[in-house]
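Here are my comments on the model you sent, set out as numbered points. They go from one polar side chain outwards to the sheet, the cores and the chain as a whole.

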Amino acid sequence: MFKYIELFAGIGGFRSALDKLGGKCVFASEIDKFAQQSYKALYNGAPELHGDITKIEAQDIPDHDLLVGGFPCQAFSIAGQRKGFEDTRGTLFFEIARIAKEKQPRMMIQTHPVSYTHLRAHETK
């Protein structure tokens with residue numbers, strides 16, 4: 001068994017797959033109240049589900065082997081306005097970095113749009 005956390009969880013897309021692979025979700029975060037309702041309905045009340053990740057201290061998140069997440073990509077996507085870190089949603093990337101730095105998971109899986117790969121290195125430090 002491996003332990004994982006799911007950030008920007010939506011209704012649990014990563015969880016659906018990882019649980020089947022023997023994973024145990026020890027923490028999840030989702031800000032949208034309707035997605036939270038669905039997540040709770042799908043995962044037995046999901047007591048590990050929390051709200052706004054920007055309001056959660058990294059040290060309060062349980063240790064885990066794997067950090068997964070699909071932060072809002074509109075700020076980087078060709079479908080959005082491509083404002084990058086000038087768009088508040090784009091700055092959520094740094095929440096992943098903050099938690100990874102503190103918790104040091106063995107692995108991370110992130111979703112990203114193609115334009116995310118074109119970020120300049122100095123923008124992500």
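1. A polar contact, as the term is used here, is a pair of N or O atoms within 3.5 Å, and within protein one of the two must be able to donate a hydrogen and the other to accept it. The model is a predicted one, and in it the side chain of Glu-48 makes such a contact with the side chain of Arg-15, at 2.4 Å.

2. Is Glu-48 buried or exposed? Its relative accessible area is 13%, and because buried means under 20%, Glu-48 counts as buried. The residue is placed in the loop between helix H2 (33-42) and strand E3 (49-50). If neighbours within four places in sequence are left aside, Glu-48 is in contact with Arg-15, Cys-25, Val-26, Phe-27, Ala-28 and Tyr-39.

3. On the strand that follows this loop, I would point to the pairing of E2 with E3, which run parallel and are joined by two bridges. Ala-28, which is among the contacts of Glu-48, stands opposite Leu-49 in E3.

4. The sheet as a whole is open and consists of five strands in the order E3-E2-E1-E4-E5, with parallel pairing. Its edges are formed by E3 and by strand E5 (107-110), each of which pairs on one side only. Along the chain from the N terminus, the elements run β-α-β-α-β-β-α-β, which comes to three helices and five strands.

5. In soluble globular proteins, nonpolar side chains tend to be buried together. Here the largest nonpolar core has 14 residues, of which Ile-5, Leu-7, Phe-27, Ile-53, Ile-61, Leu-67 and Ile-99 touch the most other members. Strand E1 (2-7), strand E2 (23-29) and helix H3 (93-103) are the elements that give two or more residues to this core, and H3 gives the most, with three.

6. Which residues does Ile-53 contact, once its neighbours within four places in sequence are left aside? They are Leu-7, Phe-8, Phe-27, Ser-29, Ile-61, Glu-95, Arg-98 and Ile-99. A second core, separate from the one just described, has 11 residues, including Cys-25, Ala-28, Tyr-43 and Leu-49.

7. How many aromatic pairs does a search of the whole structure find? There are two. In one of them, Phe-2 and Tyr-4 form a tilted pair, with 6.1 Å from centre to centre and 40 degrees between the planes. Phe-2 is partly exposed, with a relative accessible area of 24%, whereas Tyr-4 is buried, with a value of 0%.

8. The ring centres of Tyr-39 and Tyr-43 lie 5.0 Å apart and their planes stand at 55 degrees, so this pair, too, is tilted. Both Tyr-39 and Tyr-43 are buried. Tyr-39 is also in contact with Glu-48, while Tyr-43 is included in the second core.

9. For the chain as a whole, buried residues make up 41% of the 125 residues. Among contacts with a separation of 6 or more, 57% are accounted for by residues 24 or more positions apart. The accessible surface comes to about 7500 Å², and 53% of this area belongs to carbon and sulfur atoms.

Methods:
Residues are numbered from 1 along each chain as its sequence is written. This is a predicted model: local features need pLDDT of at least 70, side-chain atom pairs count only at pLDDT 80 or more; totals for chains, interfaces and linings use all residues. Side-chain values use heavy atoms; hydrogens and water are left out. Helices (H or I, at least four residues) and strands (E, at least two) are DSSP runs, numbered from the N terminus. Buried means under 20% relative accessible area, exposed over 50%, partly exposed in between (1.4 Å probe, protein chains only). Contact means heavy atoms within 4.5 Å. A nonpolar core is a set of buried Ala, Val, Leu, Ile, Met, Phe, Trp, Tyr and Cys residues joined through side-chain atoms within 4.5 Å. Rings of Phe, Tyr and Trp (its six-membered ring) pair if their centres lie within 6.5 Å; planes under 30 degrees apart count as stacked, over 60 as edge-to-face and the rest as tilted. Accessible areas come from the Shrake-Rupley method with a 1.4 Å probe; for residues, only the protein chains shown count as cover. Two strands pair if DSSP finds at least two bridges between them.
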